[in-house]
Amino acid sequence: MLDPIDAKDLHSTWCNSAALLKELDVDLTENPVGGKIHRDEDESPSGLLSEAAAVALVWPHIARYTPLEDRIEALREAVIVYTQAAYTGMVEMAMDESAWAGLQLLRSLERLPSPVAAHWLISPSDDETVTLKQVDRAIELREKFNLDTSPALRLTGIKIICDGVVDACTAALTQAYSSNSVSCSPLWTPRMLGPVIQKADSVGLQCALHAIGDAAIKNAIDALEKFGTPGRSHRIEHLELTSPEEAKRLGKAGIIASAQPVHSDPAILRAWPKLLGEAKCEQTCAYKDFLDGVAVLALGSDAPTAPYVPLSNLCCATTRRSAKEPESLGTTNEQHALQLATTMAAATEGAAYSCFPDAWTGRLRAGLKADFAVVDMSWTSEDLPEAQVCQTWFEGKKVYDCDDEGH
């Protein structure tokens, strides 16, 4: 059976020859829109599949041959681990039929300790009818599973991956990469994005656009400004290389800046000066620019592509130092460091606002649901990685206690 090796960012996958030729049959397969099947000089598949090629070819194949009980157990374990880490809600940003079926079955077997808001992954295509059919499926699910009818497991919006990642040189930049002169365009053209955003927006679906490079970010903002309705709380994910001009546009357009502080950790950015050039790196993870432009900032984890422990990740936002290598004194653009209270608000109230349940959770206030964590910690940015989660509560019920037997 196919047993690929995934890049930690999940934007690239390596398969051996048997998997490529016998199971995936990619020898004569053309590159899918937004992806690439890498080939040797003789045009034989090399083993590397990137972006949409991994998502459209490898992921579905793995899902088809993974026993349902294995998927259920993996989902159960993930929910438990996140609850123990103080999460009282989760957002799944790449939902598909396989994962949806698994979550539905898990939910039928046991009560989820915290709610899941899902975004339906829309695969790129040059054929508008193909992409709009995927939006139709999201609309169908949202009609049945929404905040009113199914708050524990709901379909909130759609997810569009507009570009790749910097380390693979697939993030879309306005200038070529310094290391290899590669120039990448966004995976979705404006012509492809427009109808999808317009249709989703027209029925109140939230649009979440993955955009890391400055060219992809501009493309995403342009599309949301043109085809999205102000106040619909559309969001852009990651925003790792945002120019000051585009950062200002986020707030004006009412676009949520959804970022993950772990991606600003200096320990994982060592290759960036060579890949991008020193000047470009000064734009990395400009969270303060987002706030100065009056955008709502929502901070999350980006698990499973990055460490999920929230308070260690938030340390990166407040100190701009490494949580992975705490002994290091290196920083990433200290001018964009956030105050601790601001960071906490973005990870709680901002995160709740970003997926709509902010009317009843995300803050400690009379009348709201009792969703909170009890943490043994020092209220200083530098000590965040040492914080210990003691309890997690959801809707007034304790769902995790570190003193319970087995913990």
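Biologist: Is Arg270 buried or exposed?

Modeller: This is a predicted model. Exposed here means over 50% relative accessible area. Arg270 has a relative accessible area of 56%, so the residue counts as exposed.

Biologist: Which residue forms a salt bridge with Arg270?

Modeller: The closest N and O atoms of the pair are 2.5 Å apart. The partner is partly exposed, with a relative accessible area of 22%. That partner is Glu325.

Biologist: How many residues apart in sequence are the parts that Arg270 and Glu325 tie together?

Modeller: Arg270 lies in the loop between strand E10 (256-259) and helix H9 (272-276). Glu325 lies in the loop between H12 and H13. The pair therefore ties together parts whose separation in sequence is 55 residues.

Biologist: Which residues do salt bridges with shared partners join into one network?

Modeller: The structure holds 17 salt bridges. Some of them share partners and form one network. Its members are Lys218, Asp222, Glu225, Glu246 and Arg249.

Biologist: What separates Arg249 and Glu246 along helix H8?

Modeller: Their side chains meet in a salt bridge, at 2.7 Å from N to O. Both residues sit in helix H8 (residues 244-252). They are three residues apart, so the separation is about one helical turn.

Biologist: Is Glu246 buried or exposed?

Modeller: Buried means under 20% relative accessible area. Its partner Arg249 is at 18% and counts as buried. Glu246 is at 10% relative accessibility, so Glu246 is also buried.

Biologist: How many residues apart are Arg111 and Glu395?

Modeller: These two form a salt bridge, the closest N and O atoms being 3.4 Å apart. Arg111 is in the loop between helix H4 (97-109) and strand E6 (116-121). Glu395 is in the loop between strand E13 (388-394) and strand E14 (397-401). The pair links distant parts of the chain, and the separation is 284 residues.

Biologist: What is the relative accessible area of Glu395?

Modeller: Arg111 counts as partly exposed, at 48% relative accessibility. Glu395 is partly exposed too, with a value of 37%.

Biologist: Within what arc do the buried residues of H13 fall?

Modeller: The buried residues of helix H13 (residues 340-347) are Leu340, Thr343, Met344 and Ala346. They line one face of the helix, because seen down its axis they fall within an arc of 160°.

Biologist: Which elements are included in what covers those buried residues of H13?

Modeller: The cover includes one strand, E11 (297-299). It also includes two helices, H12 (310-319) and H14 (349-354). Named together, they are E11, H12 and H14.

Conventions
Residues numbered from 1 in each chain as written. Predicted model: local features only at pLDDT ≥ 70, side-chain atom pairs only at ≥ 80, totals over all residues. Heavy atoms only, no water. Buried < 20%, exposed > 50% of the residue type's maximum accessible area, 1.4 Å probe, protein only. Helix = DSSP H or I, 4+ residues; strand = E, 2+ residues; numbered from the N terminus. Arc of directions from axis to C-beta. Contact = heavy atoms within 4.5 Å. Salt bridge = Lys/Arg side-chain N within 4 Å of Asp/Glu carboxyl O.
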